[in-house]
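Please open the model in your viewer and follow the stops below in order, selecting what each one names before reading on.

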Amino acid sequence: MTHLKAASLTTEYRTNPLGIDCKKPRLSWKIISDERGTLQQSYQIQVSEHPTFDTLLWNTGIIHSQESLHLPYEGPDLKERTRYFYRVKVWDNKSRESAWSETAWWETALFAEYDWKAQWITPDEEVIDRLSEPAFCLRKEFQLQNDIASARIYGTGLGLYELYVNGERVGDELFAPGWTSYHKRLQYQTYDITSQLQAGPNAFGIMLADGWYKGNMTWENKRHIYGDRRAAFFELHVRYNDGTEDIIVTDPSWKAALGPVVYSEIYQGEKYDARLEEGFSLPDFDDSSWSLVQEQQMPVGQLIAQENWPTKVTEVIKPIAVFTTPSGETVIDMGQNMVGRIRFFVKADKGTKIILKHAEVLDKDGNIYFGNLRKADQQVEYIAKGIGLENYAPHFSFQGFRYVRVEGYPNQENGLSLEHFVGEVIHTDMEPTGEFECSNPLVNKLQENIKWGQRGNFLDVPTDCPQRDERLGWTGDAQVFIQTALFNYHGGPFFTKWLRDLKAEQHPDGGVPFVIPAVVGGANAAAWGDAATIIPWEIYKAYGDKRLLAEQYDSMKAWVEYMRRQGENEYLWIVGFNFGDWLALDAPSGSYSGATPKDFIATAFYAHSTRILRDAAKVLGKWEDAKSYGLLLENIIEAFNHEFVSKSGRLVSPTQTAHVLALIFDLVDGDVKKRTAHELNELIINNNYHLTTGFVGTPYLCFALSKAGHHETAVKLLLQEGYPSWLYSVKKGATTIWEHWDGIKEDGSFWSDDMNSFNHYAYGAIGDWMYRKVAGLDMDEELPAYKRIRIQPAFAGIHLTYAKAAFESMYGRIQSAWSITADKIELKVEIPANTTAEIVLPFAQTANVSEGGNPLAQANGIYTYKEKDDTVTLTVGSGSYHFQYDNKNGLMVEFTKNSRLIDVLAHQSSAAILDKHAPWIAKPPGIFAMRTKTLQELAEFPEANLTKNQVDALIEELNTIEWKAELVK
Ligand code: BGC
C-alpha cells in the first residue's frame, strides 16, 4: 500500500496559531509520499467550527490544482474569538487519494474594528518614582462561576509586560508585546489561560517595565522615545459551558504598587530585590496599601494581533568553566557568545547582593573586557530574600555575552560551582530550516557561528548587535544578511512584521529610515534603504509569499522613486549622504567607508532595486509598471556605464566591491563584463586570496566569482585562514560573527572600543553562497518557494571532499550532498513531493552515471537527462536519489584528515608513504582493521603510535605525490 498524505498544515506560516486577526488566513501543507515523482493534482480543504467536522463552514470540494501553499480561506466571514478546525485531502498524479490530514486549527482574536472594552491604565504618578523608573505591578481580583469552558486574555502594554494569574506566570513569551513602530502599530497577544482559572476568587497580575517604549535607547541614551508613561490594556474573556461570558478588563478599579523589579533597562540590566516579592497575583493577597490606577489616553497606533513568532528561551546552556582573571575577578565562561540571560540558583542570607556583569570577550591579558559595550552596563543585581533555594533571571533585560563576572555569590572566594548557573538563550522562536556541512571543520564552525549570530540578533527585530548601546533594526544589516537568514531559519512571520513597520515608517517622499523601528534620525542610504525592495522580494522567492509582496509593493516603488528624484540626472544617484561599503578594508584611514565611490554603490543599488521592482510588477500582473521600470533599468544601466566605465572598458573604481557589484547586478555586458570578471579574479589573486570588501560587497563577492567562472578562487577565499578572512575569526576562537574582520587583531589587541561588536551578523552573509554554490542547493527563481529546485554542486578543485546542505522548504525537505574520492563522485539528493528539480552533475557522462545502482535509463522518477560538455543535466520528480559516477575527469581530491585510509590506499604511491609514516598500519592486519577509518582517526589509535603532528606530516606528504599535480591541472 503506497502512502500519500497532506501534513504539517500551517495557517499564515504558523502551526495552530492562537489569536490571528487576518480575515482570509492562508493555509499551506506539505505532502508526504513514498513514491518518486509525486505531484499534487487536486486538493480539498474543509473548515469547521467543530473538530468532528459534523457541520462544515467551508468545503472547497475537489479543486484541480497543484497549489499547496498560501491558499486563502474563502468561506463565510470569520467570527472573532473562534477556533476553526481544518483538514486537507490531496490527490496525486498517480491517481492516489490521501486520507484526510490530521486536523489543524487557527483561532481568531479580535479584528481591527473590534470595540475594545479595556481601558489603558497606569498608576498614579505618586506610586512611581519617575526618576528611578522601577517596573510596577498591577492587580485585580475577580470572581468566576463554575463550569468554565474556556478563557482567553487579549491585550498589550506600553512598556514590556509579564502576566500572572493566581500566582502563576501566563505563557512563556518574553519581551511582550514585542517591538513595533508603536505609534503606528502595536501588537496585542492572546493567551489561553483556561487551566489557570478556578471557580470563586481569582487574581490577575501584570508587571510592566520600560523596555523599548520608554527606556534608555540608542547610543544617545534617549529616554521616552514613544512616551513617558507605561500603561496596560487587557481583556480577559471567560466562557462558561452554558455559553455565557464574563469579561474582566483593565479599568480604574485595578490597583498598583512597586514590585521586586526595582530597575530594568534593555541595555543596562536589571536590579531585583527578592525581599519585595509578595505573591501579588494571588487572590488572597492584601492590597490595601496599594493605590488605585488611572485611566489614560495613550498614543498608540492600530492594535494588531501578534504577527511575529514569540520571543522565548529556546535553549539552556551550561557554562564550561569558571576562573579567576589576572586582575582577580571571578568569571564564568559560557563557552558561547550568546544572547539572553543567566539564571542562577542560590541559598543565601536575606539581603545578600549578587552582581553579574556580562561581556563578550577577554582582552589579551585574559581580563574580562567591557569597553565595546559603550554605555550599556549589562549588569544584573539580585538581593536575596533568604528563604530556601532561590532562583532568578532578569525579566525585562537581555545581555549579549560569553563571559560573566560574578560578585557577591555566597562563598565564591572558595570556588563557584557551575551547577548553579545556566545560560538561557533568548530569541524569536523561529523554526530552524537549514543545515550545512563540508569537509573543512573550520568552515563548519563558521556555519555554526553564522547561526549563533542570527539567533543573537533576531530578537523580535533584526538588529545590528545585541550587546552595546545600539541593538537597533539597521536596515542595511538586515538586507545584507537576508538570504542567509532565510536558509538558516524560517523568516516568514519575523519579516512580515518588520516589513510592515518599515512601510509604516517610510517617509512621505519614499525615503527609508536607517533603522526600523525608526528610533534614530537619518534615512535614505544606498544599500540600507534597499531593504525596502530586497527583503520582500527575498521572502517572495523563499516562500512564494505574493500577498506580502503585493502589500509592500507601494513601499518598494516609493523607494525607487525616491532614488530617481535624487540629483539632476534621474538615471544616476550621485548626490547626498551614503554609508558606502561600510567597514571595508580599503577604507582610507580614519573612515568607516571603503574606497568604492559612494555614488558608484548608490547607482548600482538603484539599478538593483529597479530590477526587483520590475520583476515584482510582473509577478503581480502590473504590466504598465513592469514595462516602465524595465525601461528605467535600461536607462540606469546605460548611465552607469557612461559614468563609471572608461571608454576602453575599465571600471572607474579598482576595488573588489566595485567589480562585484557591476557583475552581480548585471550592470556591464560583453567585453566589459569579461574584463571586469577577469580583473576581479586578478584583484583577489594579487591580494594573495584575501578580500577587502565591507558590508556592501561581501555578500556578493563569492557569488560574483562563481558566476564569472572563478569558483575555485571563491572557495580559496572561503578557506583562507589568514587575516582578513572568514576563518580568521574562527581561528581566533570566535563563536559568532564579528562586526570587523579584525575585531581582535593578530597580536590579540582590539579594534577601537567605539565600534567593536563580536556579534554582528553581516559578514555571515557568506552562508547563502555556501548553501547555493558549495553544496549546490539552489532554486529556479521563476517558480518561487523551491517549486522547481536546482541542484548544482560546484566541486572545488582539490579543496573540499564533501559538502552537504539541507533546507526545510515550504514543500518539505530538500537536500544536496556530494562527495568526491579519488575515483568516485557521489551525489545524494532529496526532492520534496509536489516539486521538481533540475540536477546538474559536473564532470559526468551519461553512460557513467548510476542512480541507486541502476543506469539512468532504468532509474525511476527521472524524466529527462542530457549530456553536454562533460555535464549531465537531469530533470527529476520528488524523491531521494543517489547518483554515483567515476571520477575520471581529472577532478581530484586533496587528502585531509577526513580522507579514509581505503581511499588513500587506492593510489599506488601512497602505500609507500603510509608505510614510512605508519608501518603498523600499512601492513596486514593493520590495513584490514583500519581501512574504513579516516586519517584523523589514526591519531586516536594507540596501536598506530602516531601523534597528531605526525598525521599532519603524513597528509602533507600525501599531498605532494606526483600524480595529484597531473590530475588537478
Ligand atoms: C551599526 C551597523 C550599521 C551602521 C550604519 C553601526 O553602528 O552597528 O551595523 O549598519 O552603524 O552605518
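Begin by selecting the ligand together with D464, and you will find an oxygen atom of the ligand 2.7 Å from an N or O atom in the side chain of D464, a distance that belongs, like every other value here, to a predicted model. Add E470 to the selection, where an N or O atom of the side chain lies 2.6 Å from an oxygen atom of the ligand, and then W528, whose side chain has an N or O atom 3.1 Å from a ligand oxygen. On its own the ligand has 310 Å² of accessible area, and the protein covers 95% of that.

Now widen the selection to the residues that surround the ligand, which are D464, R468, E470, W474, D477, W528, F579, W582, F695, E739 and H760. If you colour this shell by class, you should see 5 nonpolar residues, 5 charged residues and 1 polar residue.

Next, leave the ligand and turn to a sheet. Which strands form this open sheet, and in what order? Its 5 strands run in the order β37-β38-β42-β46-β45, with mixed pairing. Select residues 777-779 for β37 and residues 862-868 for β45, and you have the edge strands, each of which pairs on one side only. From one strand to the next, the twist averages 20°.

For the last stop, keep β37 selected and add residues 788-791, which make up strand β38, so that you can view the antiparallel pairing of these two strands over 3 bridges. Within this pair, look for L777, which stands opposite I791 in β38.

Key: Residues numbered from 1 in each chain as written. Predicted model: local features only at pLDDT ≥ 70, side-chain atom pairs only at ≥ 80, totals over all residues. Heavy atoms only, no water. Near = heavy atom within 4 Å. Polar contact = N/O pair within 3.5 Å; in protein donor to acceptor, adjacent residues only side chain to side chain. Areas by Shrake-Rupley, 256 points an atom, 1.4 Å probe, with all protein chains shown as cover. Nonpolar A, V, L, I, M, F, W, Y, C, P; charged D, E, K, R; others polar. Pairing = 2+ DSSP bridges. Helix = DSSP H or I, 4+ residues; strand = E, 2+ residues; numbered from the N terminus. Axes fitted to C-alpha atoms, helices over the stretch in contact; angles between N-to-C directions.
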